[in-house]
Every structure is written in C-alpha cells, then in structure tokens.
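These are my notebook entries on aromatic rings, charges over rings and one arginine. The structure under study is shown first.

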Amino acid sequence: MTTGLKILIIGGYGVFGSRIVELLENDARLTLVVGGRSVAKAKTFVASRNLAKAELVPAAIDRNGDIGGQLSAIRPAIVVDASGPFQNYGDDGYRVIQVCLTHCANYLDLADGSDFVARVGTFDGLAKTAGLYIISGASSFPVLTAAAVRRLSAGMAAVNTIRGGIAPSPYAGVGENVIRAIAGYAGRPTRRKRGGVFCTGYPLTEHLRYTIAPPGRVPLHNRLFSLVDVPDLQALAALWPETDEIWMGAAPVPEPLHRLLAALAWLVRLRLLPTLSPIAPLMHFASNHIRWGEHRGGMFVEVDGVAASGAPLKKTWHLLAEGDDGPLIPSMAVEAIVGNVLQGHPPQPGARAAVRELELDAYERLFAGRTIYTGIRHDDAGEALPLYARILGDAWRDLPAQIRDMHDVRVGTVAEGRARVERGSSIFAWLACALFGFPQTNPDTSVSVQFGVSNGVETWTRTFGNDRFGSHQFAGCGRSERLLCERFGALTFAMALVVAGERLALVLRRWSIFGLPLPMWLCPRSDSYESAEQGRFNFHVRIGHPLTGLIVRYDGWLVRKCS
C-alpha cells in the first residue's frame, strides 16, 4: 500500500482537471499539483478548495513550454493530462508522454480523440523498458464503455454490433477545449467500423434517437444522439474484431442547438465550410448560457450478439445521473486508477488505450453513495413477458409479489375489492370527471377491474359501484420509448414505472391528443402508486390540476379472482 503519492494534473483548474481534484482531494496521502498556464488561476482554485485533506499545490505548467524542466522540478509519480483538445495537438502531440518517459513519470490522460489514443501504443516498448504505464483515454469513452460491453457480452459467442452514447445534463458545464475539439472534427471524416470493415464516418451528421432508462427509474427524455469522434470507434474494434458495426454518439441539449450544430456540420461534410473551429468560442458561449430542461444526464451501451446456441441476443446497459453527480463521471476513471495505485495495484507497464484498466464493479463502487443509477435490460425478451414486466426489466423482480401478480396479465382476468372515491368540487373538476367517466364520490364502494390483453395491449375496465370507465395500456415507442402509455379516448398519457422501495409509482412524462404532443405545463398532475398492504394489492390515485385543484382521488385494494 502506498503511503504518499504526488500527482501533477495538467489543466488542473479546468473543467475536467478541477473535477479530478474534487474526486481525489479527500485522501491525505495525495499531493495534487494543480498545473496550468496561469499560476494566478491555479492559486485561486487551490484557495477555493480549503476543505481538502490532500495537499494542493499550484504550479505554472505549459505543455508547449519547457515541460521537461517543469517535471524535473515537480518530480511527480503520475502526470494526468486533462487539458486538450487532443485532436489539435498536431505533430508534437505526444510531447508530454515523451517527457514522462524521460523523467520516469507514469502518465494518464482523458484524451477523446480516436486517432490520438490509437497511436499511443507506439510507445509501448519504451514504457515497458522504463517500467512505466502510459494510459490514454482514461475517461467514460472508452473505459466505461469497454467495461459495459464486457459485462453485456458475457455469455455471447460473438458480438455483432456495439452502440453507445452519452447524454449530458444541459447544466453540466462544458469546457472550452471540449468545444474546440467538437468544432474541429464536426463534419470531417473519421474512421469507424460499419459492414464489418473500417469506413469513413462523419461526426455530427449521423444520428439515432434513444431513451436512457435504467430499470425502475424515471428515464431521461428521448434524446437525439449524433456520431462523435471518440477512442471507442477504433479501440473497441481491437477488442471485438468480429463486430460488424461500432457507433458512439452524444446527445447535447437543448435539441434546437444540437440540430443547428448538425446542420453546420453538414456544411463541412459537403465542403461548403472548411471547419467549424472559428465559431468554437460562440459554440462555447451558447452551450453554457442557452440551456433549459432537467438537470439529469445519462449514458447507454447496446450490444447485439449471438448466443452459443446461435440465437440472437440484445442487451443494453443504462446509466442515469441526477444533478451535479453526472459531470463527475468522465473523471472517475482517474479516481479509480489512482485508488488502485494507492492500494498497491498499479496498472501494468506499457503504453495503451485505457480499455482494459477497469471493470464495471470498480465504477459501481464509486457510484455508491451518489445519485448515479445503472441497470441492464434484456431487449430480446419480446412479447412473452407481461406488459409491466417488459417495461420494468430487471426491476420487475424487486416488486412485492402482490403487485407482480396483479400485473401478470397474459389472459383475460378480473380483480375485485373495495375503494373510496372523492371528486373535486370545482366546475372544471366536474367537467374533467364527466369527460373521463371517473366515478362519483363514495366513502366505501365495491370495485372491480376487468383485464383484457390482445397483441401486447391491455384493456382495463374499472367499475366503481355503478360507475364504469376504461382505458388501454401499451408500451410506448418513439419519443415515449420505455414508458407505459395509457389511452383514454383521444388523450394518451405516457408514464414512467418507478420502483421506490415496496411501491410502484407511475410518473407522468408526456401526454398527447390524437398523437400530437401537448405541453407538460398544461397536463393534469398525478400522484399514483401501487403498494402491498395487509397481504393485498393496494392502489392510490390522485389527479388534479393547478387550475382546478383536485379532480378525483380514489384508493383501495384488489384481489384477483381465480380463473
């Protein structure tokens, strides 16, 4: 076990460098040298971290200056290059690596350029001779994606397709160097695998839509992902050479700005513009000032493969990060590797892409205690499972047996019980109840629900005393993917199925009329959940609206009748 470790972080007060400091600063065994071109900014940043247990030292570091002399003075055990943009380092892009080899310093970087990371392997012999590790791309792309593919492909005889993407929160804060990198490669050719061979891809002009939805959590809204130039495009192909296609994307929001960027990238692809680099400062300003929506982010990795039996398999890994925890994830690979070094388990000597350094278990330990949630979905389950089980994925097993039994609808069945109903008193509430057929106020009434199922669509006919109303439930698609949709006449409500302890909550995410989306600020508010109480299935529904107050509230219990 290491008792002390000095780490130089180049770009230490930048976006990624500062997050590395935040993740490492609580370990008193560390000396973190916060390096950058401006020693004044380094000092200001160090002064702001007054609760750090590690020793923080500001330093003037210019990777284009006398980096050798600077390393001689500092004598770090590890150099972390968190500056970039690595795509723009040019012919002398590996200067820092060369200096580290000369001065016996190990090296990590957060490089996001596919070509830069792919060529680091040319230093492998020198690194092994020196007994040093030179690890490039120690970030979400490709460390976390490679770990997720290994987890997903376990049990597969072959991997056919790998797709993935990152969906940052609009409030994550994007560094200037990241924007410069994006502006530099947008619309310009890059290498990626398609049809079983390497071909040309054009970042930000190739798209797909996807919903990130860890089982049992409120999913992100369906996002537009665009191809990005990241190390995975080449590094994953080396690990899984049998793949037909590898695709990695990003889904920045707001979407109108994303679409504008994609349109500009097409101008570059069509050679109407040479590059977007001149507008990088404007892009940086827009991405950090024009933003709205939920402060949530996520990531997905999807693997299509073949089982040993020859049957097709499709699995997806989902990550959801709430609030300020999401922006820390790209820097967590460095945190984990440094933690291994402190425990006496450093990386093996050599120069390589960081695709084998960590497994998902290491990340999951770092996610614990934060609002970061992950899960795996088996997307080849098909229509064999009940509707709710298909949407919930592995979270289905976490529900109480009474809730699972009620939703195990494979053939028509009936459930009966008792309920109490309360209607709102306003004229608007009366009109809404009349429109949907909600029952009359009754403190104690009989209730029955008749379930029907056809082609994956469930029909629920509810009878409260003499009042009856019905709806159709089905799995959403498109913008409502991974959601439960319930249709009442012309109106359809799309809800997330959320497992919260012993409850199943239904959280409204979208609504539409005749298939046309409606603004959520106009949507009725719903507080609905199911639970298991006294050994029975219980339901709790409250529907209201800021303009009407309470519309209807009903709760009670049900027991399925034996077929």
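Entry 1, aromatic cluster. I looked up which rings group together in this predicted model. One aromatic cluster is formed by F436, F438, F464, F469, F488, F493, W511, F539 and Y554. I then took one pair of rings, F493 and W511, for a closer look. F493 belongs to strand β22, which covers residues 491-500, and W511 belongs to strand β23, residues 503-513. The two residues are 18 apart in sequence, and I noted the pair as a link between distant parts of the chain. I next asked how accessible each partner is. F493 has a relative accessible area of 9%, and because the limit for buried is under 20%, F493 counts as buried. W511, with a relative accessible area of 11%, is buried by the same criterion.

Entry 2, aromatic pairs over the whole structure. My search of the whole structure returned 17 aromatic pairs. One of them is Y363 with F367, whose ring centres lie 5.8 Å apart with 40° between the planes, and I recorded this pair as tilted. Both residues sit in helix α13, residues 360-367. They are four residues apart, about one turn of the helix. I found Y363 buried, at 1% relative accessibility. F367 is likewise buried, with a relative accessible area of 4%. I then returned to the rings of F493 and W511: their centres are 5.8 Å apart and their planes meet at 20°, so I entered this pair as stacked. The step rests on the cut-off for stacking, which is planes under 30 degrees apart.

Entry 3, charges over rings. I looked for arginines placed over aromatic faces. R19 lies over the face of F16, at 5.9 Å from the ring centre. R191 lies over the face of F198, at 4.1 Å from the ring centre.

Entry 4, surroundings of R150. Where does R150 lie? I located R150 in helix α7, which runs over residues 140-153. Which residues is R150 in contact with, leaving aside its neighbours within four places in sequence? The list I obtained is L239, W240, V355, R356, L358 and E359. For E359 I also noted a polar contact, side chain to side chain, with R150 at 3.0 Å. Finally, I checked the separation of R150 from F285: the two are 135 residues apart in sequence and 38 Å apart in space, taken from C-alpha to C-alpha.

Key: Residues numbered from 1 in each chain as written. Predicted model: local features only at pLDDT ≥ 70, side-chain atom pairs only at ≥ 80, totals over all residues. Heavy atoms only, no water. Contact = heavy atoms within 4.5 Å. Polar contact = N/O pair within 3.5 Å; in protein donor to acceptor, adjacent residues only side chain to side chain. Phe/Tyr/Trp six-rings, centres within 6.5 Å; stacked < 30°, edge-to-face > 60°. Buried < 20%, exposed > 50% of the residue type's maximum accessible area, 1.4 Å probe, protein only. Lys NZ or Arg CZ within 6 Å of the ring centre and 35° of its normal.
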